[in-house]
Amino acid sequence: MARRSRGLPVPLLDGFDASGRSGDGASLLARLHARLRKAILDGALMPGGALPASRRLAEDAGLSRNTVEAVYDQLEAEGFIERRHGSGSFVSVDLPERELAPAYAPRAGSARPATTGLSKRGELMAQPYGGEGPLAGRAFLPSVPALDLFPRQLWARLLARAARAPGPDHLGAGDRAGFRPLREAIAAYVGSTRAVACQPDQVVVLTSSQQAIDLACRLLTDPGDTVWHEEPGYRAAAAAFVASGAQVVPVPVDGEGIDVAAGIRLAPDARLVYVSPSHQFPTGVAMSLSRRLQLLAWAARTGAFIIEDDYDSEFRYVGRPLAALQGLDEAGRVVYVGTFNKLMFPGLRLAYLVAPPELAERFVAARVLMDGHTSTLPQAALADFIGEGHLGTHLRHMRTVYEERRQALVDAVAGLAGRLTLGPTDGGMHACAYLPAGADDVAIAAAARRLGIELRPLSTSFRGPARPGFIMGFAAARPAEIRGAVDRLARLLEN
Ligand SMILES: Cc1ncc(COP(=O)(O)O)c(C=O)c1O
């Protein structure tokens, strides 16, 4: 334990352990620096006040003089103290971080306690995230592909090749809109597979669909503006809309997708609409052509924008894949969003949006403000993955695998005779399963977890009165795992 320093008017060194065994891993230098800095910021060491000579403090604290000298030098460089040759060290009169003091050490009676010091926007953004904790099993994780079947060796080779590429393209600051060859590959890919009408200049490479949705909402709405959201719908999108200050209006989804007439009735002056027309999340319904045309006509008339979240349309097991809404849009109202995080693996963090031509540069400018641009090497590897045909091969493989898994789920749930009923299973990586009215899907999902079954309660996808059920991902688990999990679930539902 250090003795109290004679030059310091406060118990500055009380409890200071100079043995170097603080347990928090910080060096002596860092801890002494933090101690003095805090004392200055808290006002315990007053502006203009003298600090003890470094030799004296070193003796009192049981430290080497070099350590104290180094701490004083650092505090001086940061503007906390002034060192005057021949007369000593003094707390700066003009403190740079004086204004920040309450944030370091909230004082009694301060208006904003530290835990609620967020701005109004911050409160909306920082809603506690309902993470589900450690996973109980692969059945029925939604949004998770068959990770064990991803061609890792090939991906590793493409990454290594990108890392070795000569020239500044791969290691220098990249194109802010995204690695050009990747944007070209994406434009060609969505053009041919999704009938999306776009030039590479309209493609903005991002980290996630979530980033695209957040960015679109911030750019296209003002706080207080109304946004139509599918009911039931994708919670993460709704959370982004709420966070940017929008009023979220739930618009019912029926067997043809979002009910456009209901939307117009409920919120005719909406500025933005979120839809997942190819495979509505979570119901799995495909939006009919007449609804698509109705929505586009309304948006063209009112000037509203539409976010089209095309998150897993690559997987279609019955009939032909449905073309994207964006390809029907002649008025430039659709922001198309696609992601590789579900097609390949969630840790990839590569997605994109296709902006209306006149907005593309504005989207890039706004994205640069958030985090510059996406890391270049994975983009380069992905450009090759697509360009050399590996994405196509992988998707064909996964379509076969997922179709088998989907069938396993359909067959197994058929045995539950009315206790659980599946919605459409024509495409995607999950199915929506309905429980009888009045069932408590949250409680059943919690009980299922204890049996090693992952179920997302459907009720959490509603903002208004909910229908109970589950979102059941079938892509991550093998058919035998799916059958076993449905058996266990059947016993649970019986009880
Ligand atoms: C409706 C929907 N959109 C998008 C995504 C993909 O998300 P991201 O690219 O943000 O990981 C998911 C995956 O969970 C989803 O369910």
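## Buried area between domains

Buried area is the accessible area, taken with a 1.4 Å probe, that two parts lose on being put together, summed over both. The size of an interface is often given in this way. In this predicted model, the area buried between domain 2 and domain 3 is about 2,400 Å². Carbon and sulfur atoms give 60% of that area.

The chain has three assigned parts: domain 1 spans 28-104, domain 2 spans 150-389 and domain 3 spans 393-494. The C-alpha centres of domain 2 and domain 3 are 26 Å apart.

## Contacts across the interface

How many residues of domain 2 are in contact with domain 3? The count is 28, and they meet 26 residues of domain 3.

One salt bridge is counted between domain 2 and domain 3. R316 forms a salt bridge with D426. Their closest N and O atoms are 3.7 Å apart. That distance counts because the salt-bridge rule allows a side-chain nitrogen of Lys or Arg within 4 Å of a carboxyl oxygen of Asp or Glu. Polar contacts add to the picture: 12 residue pairs across the interface of domain 2 and domain 3 satisfy the rule, with both residues at pLDDT 80 or more.

## The domain 2 side

Which elements give two or more residues to the side of domain 2 that touches domain 3? They are α9 (235-243) and β6 (247-254). The largest share of this side comes from α9, with three residues.

By class, the side of domain 2 that touches domain 3 holds 17 nonpolar residues, five polar residues and six charged residues.

## Around the ligand

The ligand has 13 residues around it. Those that come nearest are S143, S209, D309, T339 and N341.

Polar atoms of the protein face oxygen atoms of the ligand at several distances. S209 uses its backbone: an N or O atom there lies 2.9 Å from a ligand oxygen. T339 uses its side chain, with a polar atom 2.8 Å from an oxygen atom of the ligand. R349 also places a polar side-chain atom by a ligand oxygen, at 3.4 Å.

## Backbone geometry

Most residues other than glycine have a negative phi, and most peptide bonds are trans. Several sites in this model depart from that pattern. S143 is not a glycine, yet has a positive phi of about 65°. S143 sits in the loop between α5 and α6, and is one of the residues that come nearest to the ligand.

Where does F140 lie? F140 is in the loop between α5 (120-125) and α6 (152-164). A cis peptide bond joins A139 to F140, with omega about 5°. Another cis bond runs from E231 to P232, and its omega is near 0°. P232 belongs to the loop between β5 (226-231) and α9. That helix, α9, also gives three residues to the side of domain 2 that touches domain 3.

Methods. Residues are numbered from 1 along each chain as its sequence is written. This is a predicted model: local features need pLDDT of at least 70, side-chain atom pairs count only at pLDDT 80 or more; totals for chains, interfaces and linings use all residues. Side-chain values use heavy atoms; hydrogens and water are left out. Domain bounds come from an automatic or database domain assignment. Contact means heavy atoms within 4.5 Å. A polar contact is a pair of N or O atoms within 3.5 Å; within protein, one must be able to donate a hydrogen and the other to accept it, and residues adjacent in sequence count only if both atoms are side-chain atoms. Helices (H or I, at least four residues) and strands (E, at least two) are DSSP runs, numbered from the N terminus. Ala, Val, Leu, Ile, Met, Phe, Trp, Tyr, Cys and Pro count as nonpolar, Asp, Glu, Lys and Arg as charged, and the others, Gly among them, as polar. A residue is near a molecule or strand if one of its heavy atoms lies within 4 Å of it.
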